[in-house]
Amino acid sequence: MGPTLSGRRRLLYRLLRESPGRPAVVATREPTECLRSRYHRLTGDDASTPIVIDCITNSLGRSEEDTETTKYAQDPGNLTSIGTKFAAVLDQHETDQLSVGLTNLSPLLVYTSPSDVFQFAHILVQKSIGTGWPVIATIDPSVHDASTVEQFVPLFEGVIETRRTDDEDQEFRIRKPERTEWETF
């Protein structure tokens, strides 16, 4: 968790790259092409192309057909559509090892109630973990009240905070399971 420009997304992509299996990313803020380009640029990983559940393209008025590596949900506010597309990825790759990323819970919270987003995230985490897939998600705590952010903490084994210092450095620390000191990326 961390505000914009704190390195939160870079950390997400690096954790996905270091996790076992191919990345499968629920893109809540940018279209597929942008996400894949940023993933490759930030990780230096040109070998693996992320599977993407794109929540943006259709909301921009473009209607794309699903492919083996890209599923198009209706928009970030339609949790049923996102869940259906995630279930399709789950079915398609049930014997594969994937690492699941949810780029940002915050756009979902703009369109849907915190309790509905929590329920969606809980189901996504449970289904992924049940398949043996790790899940990494981000949230911008600067745009939500503390109780909204804190309700998501129990869903995850670990929580990492990111921040940008006055000197424009990006730092992180582990908050859960045990708090560490701030370190520069």
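1. Let's start with Tyr 39, which counts as buried, since its relative accessibility is 0%. Keep in mind that this is a predicted model.

2. Who is the ring partner of Tyr 39? The structure holds three aromatic pairs. In one of them, Tyr 13 and Tyr 39 meet edge-to-face, with 5.7 Å from centre to centre and 80 degrees between the planes. This pair links distant parts of the chain: Tyr 13 sits in helix H1 (residues 8-18) and Tyr 39 in helix H2 (residues 32-43), 26 residues apart. Tyr 13 is buried too, with a relative accessible area of 0%.

3. Now have a look at Phe 118 and Phe 152. Their ring centres are 6.0 Å apart and their planes stand at 50 degrees, so this pair is tilted. Again, distant parts of the chain are linked: Phe 118 belongs to helix H5 (residues 114-130), while Phe 152 lies in the loop between helix H6 (146-150) and strand S6 (159-164), 34 residues apart. Phe 118 is partly exposed because its relative accessibility is 26%, whereas Phe 152, at 3%, counts as buried.

4. Next stop, helix H3 (residues 79-92). At 1.5 Å a residue, its 14 residues should span 20 Å, and the end C-alpha atoms are indeed 20 Å apart. At the N-terminal end, Asn 78 acts as a cap: one of its side-chain oxygens lies 3.3 Å from the backbone nitrogen of Thr 80.

5. Which residues of H3 are buried? They are Leu 79, Ser 81, Ile 82, Lys 85, Phe 86, Val 89 and Leu 90. Among the elements covering them are strand S1 (22-27), strand S4 (98-102), helix H4 (106-111) and H5.

Definitions and conventions:
Residues numbered from 1 in each chain as written. Predicted model: local features only at pLDDT ≥ 70, side-chain atom pairs only at ≥ 80, totals over all residues. Heavy atoms only, no water. Phe/Tyr/Trp six-rings, centres within 6.5 Å; stacked < 30°, edge-to-face > 60°. Helix = DSSP H or I, 4+ residues; strand = E, 2+ residues; numbered from the N terminus. Buried < 20%, exposed > 50% of the residue type's maximum accessible area, 1.4 Å probe, protein only. Expected span 1.5 Å × (residues − 1). Contact = heavy atoms within 4.5 Å. Polar contact = N/O pair within 3.5 Å; in protein donor to acceptor, adjacent residues only side chain to side chain.
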